[in-house]
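Colleague: I have a protein model open on my screen, and I would like to learn how to read it. Could you walk me through it step by step?

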Amino acid sequence: MQQYDICLPCDNDYLKYAAVLISSIVNTQPAEKIKLTSDSHALFIFHLLMSEISDENKTCLQQFEETLAKDFSIKIETHIVDDKLFEKYATYGENKNHTAYYKLLAPEIVDDNVNKVLCIDIDMVCCGDITEIFDIDLGDNIIAAAPDYDPAKPPLTPKDKANPPFVFKYSENSCYCAMGVILIDIPKWKQHNVKEKCFEILDKYNVLLPEQDAINAVIGSKIYLLPLCWNLMTMFLYKDPAYANYIQQSWAKRSEVIKNLMQPYITNVLSKLKFIHFAGEIKAWKGNYCKIGSDGNFIRNDENFQKYWIECAKNTPAFQTQLYNAIHQDDIEIKFEAFVEELSSFIGRYVLKYTREHRKQIAELRQKLKVLSYISGAEGIILAGMLLFILLR
């Protein structure tokens, strides 16, 4: 029997969204490949990588699997990850945890006879047959991934300033790739010690997107480029001027080969896509009021994408109560959170600008406040307050 192994790094709070993703995958696969009534069905194994799972979620997950398994050839396995492996690294994401790093462990948690594993971020939804990706001949490449939103990645700065920065190097028809969807050739991954080399990058350099920066740095041009339909990030369709202008300007930095892998799939026609990725702050479950754009309006997800995710959530068994509460969060509360975040960012930018422009005056001010120098928190608060007063008076 054909087997498809799918890895989903997840935390306890995001498990309900992992269920939506799994449900969307199950319901979009060809009946002959996944329905138990088909003589040629395969087995889809979903591997959840988690540091912990609550009793409530254990119960919901069991009910979820039992409901789907009545009609579909699926299995869900939970792998508890020792988060101490990553405790020295910076947290990341909406929940400020180490879940993103768990992707590096994916090749180790599947059965020894498995040669390929598909890793998928939780903030996604499936639109089509994913079995096709397992049939790709990767050649000498270690993974398959789609081009990232950013056409070029700036160098990684070293943690030890005595060392040079790490510069990403690609051939003309290769590029920095997004790791929201990656197909891993397990034997090649292990042969090239990718996990160990990723940890070396994480130890030596400051990264913005932890596992994504590390994997790109280690594998470089050994990435099979997927069409963007496998990982269309919703920001490609934002109508905010800043995003739209950036997309327009970025095409000049891409080769024709890469453009052809991307442009045909920047669309909201679901039938042309495999995965929609709600990357960044504007998650599908947050609605359209969680980020203020460059024009002062709230940035909105594409309407088709938003409706499709909600429809998938409604069809996700066992987690209905949790999903209902998440989807129906008060818009006023979300708008207020967005406003506070934007205000904090605004204040931070201007305080930083003022600090850079008035180093001498601030040094004198610090000297006058020397009495409080042993309490860094108090000093910071007083200085910030005085700077704000100067800026806003």
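Colleague: How many helices and strands are there in the chain?

Modeller: Counting these elements is a good way to begin. The chain has 15 helices and 10 strands. Keep in mind that this is a predicted model.

Colleague: And what share of the residues counts as buried?

Modeller: Of the 393 residues in the chain, 50% count as buried. You can also look at how far apart in sequence the touching residues are. Among contacts between residues at least 6 apart in sequence, 80% join residues at least 24 apart.

Colleague: Let's turn to the strands. In what order do the seven strands of the open sheet lie?

Modeller: Read across the sheet from one edge to the other. The order is β3-β2-β1-β4-β7-β6-β8, and the pairing is mixed. At the edges are β3 (74-80) and β8 (223-225), each pairing on one side only. From one strand to the next, the twist averages 25°.

Colleague: How do I read the pairing around β4, say with β1 and β7?

Modeller: Look at the direction of each neighbour and at the bridges. Strand β1 (residues 3-9) pairs with β4 in the parallel sense, over two bridges. Ile6 has Leu118 in β4 as its bridge partner, and Cys7 has Cys119 in β4. On to strand β7 (residues 181-185): β7 and β4 run antiparallel and are joined by five bridges. Cys119 has Ile182 in β7 as its bridge partner.

Colleague: Is strand β4 mostly covered or mostly open?

Modeller: Mostly covered: β4 spans residues 116-120, and four of its five residues are buried. Here is a general idea to carry with you: in a regular strand, side chains alternate between the two faces of the sheet.

Colleague: Which strands does α1 lie across?

Modeller: Helix α1 lies across β1, β2 (43-50), β3 and β4, and runs at about 165° to β2. Helix α3 lies across β2 and β3, running at about 160° to β3.

Colleague: What about the sheet with three strands?

Modeller: You can read that one in the same way. This open sheet has the order β5-β10-β9, with mixed pairing. Its edge strands, β5 (124-126) and β9 (232-233), each pair on one side only. β5 pairs with strand β10 (residues 275-277) in the antiparallel sense, over three bridges. Within that pairing, Val125 stands opposite Ile276 in β10. Helix α1 packs on this sheet, touching β5 and β10, and its direction makes about 15° with that of β5. Helix α11 also packs on the sheet, touching β5, β9 and β10, with its direction at about 80° to that of β5.

Colleague: Now a helix. Which residues of α12 are buried?

Modeller: In helix α12 (residues 320-327), the buried residues are Gln322, Leu323 and Ala326. Seen down the axis of α12, these buried residues fall within an arc of 95°, so they line one face of the helix. The face turned away from that buried side carries the exposed residues Thr321, Tyr324 and Asn325.

Colleague: What covers the buried residues of α12?

Modeller: The cover includes α1 (15-28), α3 (55-69) and α11 (303-314). Take α1 as the example. The axes of α1 and α12 come within 10 Å and cross at roughly 105°. The two helices are therefore roughly perpendicular to each other. Lys16, Tyr17 and Val20 in α1 meet Gln322, Leu323 and Ala326 in α12. By class, this contact has four nonpolar, one polar and one charged residues.

Colleague: Can we finish with single residues? Is Asn216 buried or exposed?

Modeller: Compare its relative accessibility with the cut-off: buried means under 20%. Asn216 counts as buried because its relative accessibility is 1%. Asn216 is found in helix α8 (residues 210-219). Leaving aside residues up to four places away in sequence, Asn216 touches Phe168, Tyr170, Cys175, Tyr176, Cys177, Met179 and Ile223.

Colleague: And how does Val257 count?

Modeller: Val257, in helix α10 (residues 256-262), counts as partly exposed, because its relative accessibility is 41%. Val257 also shows how to set sequence beside space. Val257 and Asn173 are 84 residues apart in sequence and 6.2 Å apart in space, C-alpha to C-alpha.

How values were computed. Residues are numbered from 1 along each chain as its sequence is written. This is a predicted model: local features need pLDDT of at least 70, side-chain atom pairs count only at pLDDT 80 or more; totals for chains, interfaces and linings use all residues. Side-chain values use heavy atoms; hydrogens and water are left out. Buried means under 20% relative accessible area, exposed over 50%, partly exposed in between (1.4 Å probe, protein chains only). Contact means heavy atoms within 4.5 Å. The arc is that of the directions from the helix axis to the C-beta atoms. Axes are lines fitted to C-alpha atoms, for helices over the stretch in contact, and angles run from 0 to 180 degrees between N-to-C directions. Angles under 35 degrees count as roughly parallel, over 145 as roughly antiparallel, 65 to 115 as roughly perpendicular and the rest as oblique. Ala, Val, Leu, Ile, Met, Phe, Trp, Tyr, Cys and Pro count as nonpolar, Asp, Glu, Lys and Arg as charged, and the others, Gly among them, as polar. Two strands pair if DSSP finds at least two bridges between them.
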